[in-house]
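User: I would like to learn how to read helix packing and burial from a set of coordinates. Please take me through one structure step by step.

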Amino acid sequence: MLFRLRPVDVIVVLLATNLVSAGPSDKLLNALVQASVESSGSGSGSGDNEDATGGPLKITHAYYLDAVEHDPSLTDGGRTYKDVAGKGSTNYAKEVVTAYMARYATRERLGRKPKPKDIARIHNGGPHGYRKPSTLPFWYKVKNFLGVGK
């Protein structure tokens, strides 16, 4: 009998063997939601693409496609980009962000273990957002919601 593994199944195995990091914590994801809602209208989400209505995390269509390319299981059950912005979409949006970060917020790309600051700035400014000065104000909002540095 053949078993079909989804990318999420592989990630669970890798996490269990400590070969990859767990991705954004619930606390960080919740801070991203709060900062994104507070930043509505100022370009939150994958910053180089301003086409977003993308729900509680202001996820652009390009951001969503990047996440789905990395983790096709995001479309299981017929889920689409429209579901990111739909009523009760926060959990799905968090799944999309987690897949996006599994693709872009990695030790291999950054040359070090990703920090919450990197994750927030990548969320706000796209794959290279962690290097863009324009993403610092968003990070300061996230940092405030995390209660870091108080």
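**Reading helix contacts and the core**

Analyst: Begin with a contact between two helices. In this predicted model, Tyr63, Tyr64, Asp66, Ala67, Glu69 and His70 of α3 meet Tyr92, Val96, Val97, Ala99, Tyr100, Met101, Ala102, Arg103 and Tyr104 of α5. By class, the residues of this contact are 11 nonpolar, 1 polar and 3 charged.

User: At roughly what angle do the axes of α3 and α5 cross, and within what distance do they come?

Analyst: The axes of α3 (residues 61-70) and α5 (residues 90-104) cross at roughly 70 degrees and come within 8 Å. Angles of 65 to 115 degrees count as roughly perpendicular, and α3 and α5 are therefore roughly perpendicular to each other.

User: How do the axes of α7 and α8 cross?

Analyst: Helix α7 (residues 116-125) and helix α8 (residues 136-146) have axes that cross at roughly 130 degrees and come within 9 Å. That makes α7 oblique to α8. The handedness is a separate descriptor: the crossing of α7 and α8 is right-handed.

User: Which residues of α7 and α8 make the contact?

Analyst: From α7 they are Pro116, Lys117, Ala120, Arg121, His123 and Asn124, and from α8 they are Leu136, Phe138, Trp139, Val142 and Leu146. The residues of this contact divide into 7 nonpolar, 2 polar and 2 charged.

User: Going from helix pairs to the interior, how many residues does the largest nonpolar core have, and which have the most contacts inside it?

Analyst: A nonpolar core is a set of buried residues joined through side-chain atoms within 4.5 Å. The largest one here has 33 residues, and Leu32, Ile59, Val96 and Val142 have the most contacts inside it. At least two residues of this core come from each of α2 (26-38), α3, α4 (81-85), α5, α7 and α8. Helix α5 gives the most, with 8 residues. Val96 also belongs to the α5 side of the contact with α3, and Val142 to the α8 side of the contact with α7.

User: Now a single loop residue: is proline 24 buried or exposed?

Analyst: Proline 24 lies in the loop between α1 (7-16) and α2. Buried means under 20% relative accessible area, so proline 24, at 10% relative accessibility, counts as buried.

User: Which residues does proline 24 touch, leaving out those up to four places away in sequence?

Analyst: With those left out, proline 24 touches Leu29, Thr98, Met101 and Ile119. For methionine 101, the C-alpha to C-alpha distance from proline 24 is 7.6 Å, while the two are 77 residues apart in sequence. Met101 is also one of the α5 residues that meet α3.

Conventions:
Residues numbered from 1 in each chain as written. Predicted model: local features only at pLDDT ≥ 70, side-chain atom pairs only at ≥ 80, totals over all residues. Heavy atoms only, no water. Axes fitted to C-alpha atoms, helices over the stretch in contact; angles between N-to-C directions. Helix = DSSP H or I, 4+ residues; strand = E, 2+ residues; numbered from the N terminus. Parallel < 35°, antiparallel > 145°, perpendicular 65-115°, else oblique. Left-handed = near helix turned anticlockwise from the far one by under 90°. Contact = heavy atoms within 4.5 Å. Nonpolar A, V, L, I, M, F, W, Y, C, P; charged D, E, K, R; others polar. Buried < 20%, exposed > 50% of the residue type's maximum accessible area, 1.4 Å probe, protein only.
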